[in-house]
Amino acid sequence: MLGALQAQEYTSRTFKDRRVINTNSVETLAKKKLDIRITHRFGDIAGAAGGFQTFFGFENAADVLIGAEYGATDNFDIGIYRSKGAGSTADGKTGLRQLVNASAKYKLLRQRNDGGMPVSLALYGLLSTSTAKKTNNQSSISSFPDFTDRMAMTFQVIIARKFSDALSIQLTPSYTHRNLVTHDDENGVLSIGAAGRLQLTKVIGILADVTLPVSGQRTSPKGYHPSVGIGFDIDTGGHVFQINLTNSKGIVETDYIPYTTSDWSAGQFRIGFTISRLFNL
Amino acid sequence: MKKTLLFFALVFILGFLTTTSQSCSKKLPADTLPAACDTLTISYNSGIADIINRSCAYSGCHINGDVPGDFSTYQGMKSRLENGAIFDRVITQKDNSERRMPPTYAPAGYPTELTPGELDMIHCWIADNYPEN
């Protein structure tokens with residue numbers, strides 16, 4: 001009885017899933033739950049690489065992610081995922097490909113319904129390692145002179161508030177570090193993200209996210225654009241199904257934060273979807 | 001409950017430290033000029049115009065407004081030399097089959113890529129501030 005009362009003290013389901021389009025939400029899995037997840041991003045819908053010739057992007061897979069996340073406790077998740085990798089610099093040098101991504105999320109603070117804690121806060125860390133074959137081309141990122149050159153990492157502080165059952169908003173300041181970059185690039189990229197959910201019905205919500213790199217090197221004249229996404233999520237009980245439009249090709253943070261060169265206004269946005277299923281272990 | 005939380009907090013911190021211990025900040029070496037630049041004397045009128053006219057400035061492409069940039073004259077090339085666009089598409093993107101110039105979709109009878117010798121000449125010419133004569 002007391003346990004049930006305590007459970008209602010804390011705000012639940014600020015977001016219905018652990019990701020809001022590209023951004024990590026403040027949510028963590030319940031203890032002993034395993035989430036198997038597949039995320040897909042298609043090719044450009046319009047613009048030079050889109051249109052009817054690529055059936056509005058469906059012919060191409062810009063990035064695919066498949067993997068699992070496990071709730072070690074109610075507030076601590078660990079995940080392991082494989083993604084193709086889609087990032088390139090604005091001048092055409094490809095970033096890391098064939099990524100093994102290891103993630104951890106720790107929910108430090110939980111919002112309280114009585115106002116005692118106004119926000120939920122989680123820490124997120126991601127380590128991406130490329131398993132691509134090393135190339136002899138010394139001006140390519142895949143030349144990997146050292147093993148650690150295959151790695152990139154992102155650290156985020158996720159701060160969220162559920163304003164009502166209909167509206168939640170979060171902010172995500174982040175730092176992304178790539179061990180090896182091209183000559184004119186910088187290894188560290190700071191960014192600030194924002195994400196929100198507007199619940200339309202019990203089952204369907206509208207989601208939106210923005211990630212803005214804070215860097216003189218990552219401006220629109222230099223060919224980089226903020227990552228902006230909009231979508232729906234549909235809660236069917238055991239599954240959450242998300243469908244969205246976003247300009248970013250890459251799915252993981254180490255990919256889309258430094259490497260989004262696609263421009264919404266040039267039609268370089270794409271359909272993406274995520275299917276995830278929870279299992280009890 | 002508190003003990004498990006502490007345990008996983010430690011795991012998280014350990015993970016964080018392990019990850020950051022593997023971090024370093026390295027950059028690829030700058031692109032170097034081809035060795036040939038030392039011996040070649042190139043200008044638009046002496047070597048480059050020939051390459052451009054047979055690989056770029058022909059009907060349907062960079063001539064007479066068929067596509068942006070009329071490269072049939074030195075003047076026509078200037079603005080795109082100055083803003084780096086030609087260097088980017090011809091030299092930087094040379095290994096990128098989707099973005100390089102000349103493109104893979106050049107019409108039959110015209111080059112779909114430049115020879116290494118031609119690339120070196122253009123690279124040296126632009127690095128030398130693309131002299132006209």
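A residue is counted as buried here if 20 or more other C-beta atoms lie within 10 Å of its own, and as exposed if 12 or fewer do. With that in hand, let us walk through this predicted model, starting with a helix.

**A one-sided helix in chain B**

Helix α2 (residues 48-55) of chain B has these buried residues: Ile48(B), Ile51(B), Ile52(B) and Ser55(B). They share the same side of α2(B), because the arc they cover around the axis is only 95°. In general, an α-helix has 3.6 residues a turn, so residues three or four places apart point the same way. And what lies over that side? The cover of the buried residues of α2(B) includes α5 of chain B.

**The barrel of chain A**

Turning to chain A, you will find a closed barrel of 12 strands with antiparallel pairing, in the order β3-β4-β5-β6-β7-β8-β9-β11-β12-β13-β14-β15. From one strand to the next, the twist averages 20°. Three of its neighbouring pairs can be set side by side, each with an example of residues that face one another.

| Strand pair | Sense | Bridges | Example partners |
|---|---|---|---|
| β9(A) (residues 167-178) and β11(A) | antiparallel | 11 bridges | Gln170(A) and Ala195(A) |
| β11(A) (residues 188-199) and β12(A) | antiparallel | 10 bridges | Arg197(A) and Leu207(A) |
| β12(A) (residues 204-214) and β13(A) (residues 227-235) | antiparallel | 8 bridges | Ala208(A) and Ile230(A) |

β11(A) and β12(A) also make a hairpin, with 4 residues between them.

Which residues of β12(A) point to the buried face? Gly205(A), Leu207(A), Asp209(A), Thr211(A) and Pro213(A) do, and they alternate along the strand with Ile204(A), Ile206(A), Ala208(A), Val210(A), Leu212(A) and Val214(A), which point to the other face and are not buried. Two of these residues already appeared in the table: Leu207(A), on the buried face, is the partner of Arg197(A), whereas Ala208(A), on the other face, is the partner of Ile230(A).

**Where the chains meet**

The contact between the chains takes 24 residues from chain A and 23 residues from chain B. On the chain B side, the elements that give two or more residues are α1 (2-21), β1 (26-27) and α4 (85-92). Which of them gives the largest share? That is α1(B), with 8 residues. Sorted by class, the chain B side holds 9 nonpolar, 9 polar and 5 charged residues.

Strand pairing crosses the chain boundary as well: β10 (residues 180-181) of chain A and β1(B) pair in the parallel sense over 2 bridges. Within this pairing, Val181(A) has Lys27(B) as its bridge partner.

**Backbone details to look at**

A few spots in the backbone deserve a visit. The peptide bond from Met101(B) to Pro102(B) is cis, with omega near -10°, and Pro102(B) sits in the loop between α4 and α5 (116-127) of chain B.

Two residues that are not glycine have a positive phi. For Phe144(A) phi is about 35°, and this residue belongs to the loop between β7 (120-130) and β8 (151-164) of chain A. Phe144(A) is partly exposed, because 19 other C-beta atoms lie within 10 Å, and a residue needs 20 or more to be buried. For Asn129(B) phi is near 70°, and its place is in the segment after α5 of chain B. Is Asn129(B) buried or exposed? Asn129(B) counts as exposed, because it has 8 C-beta neighbours inside 10 Å.

How values were computed: Residues are numbered from 1 along each chain as its sequence is written. Chains are lettered from A and ligands numbered from 1 in the order in which they are written. This is a predicted model: local features need pLDDT of at least 70, side-chain atom pairs count only at pLDDT 80 or more; totals for chains, interfaces and linings use all residues. Two residues are in contact if their C-beta atoms, placed from the backbone, lie within 7 Å. Ala, Val, Leu, Ile, Met, Phe, Trp, Tyr, Cys and Pro count as nonpolar, Asp, Glu, Lys and Arg as charged, and the others, Gly among them, as polar. Two strands pair if DSSP finds at least two bridges between them. The arc is that of the directions from the helix axis to the C-beta atoms. Axes are lines fitted to C-alpha atoms, for helices over the stretch in contact, and angles run from 0 to 180 degrees between N-to-C directions.
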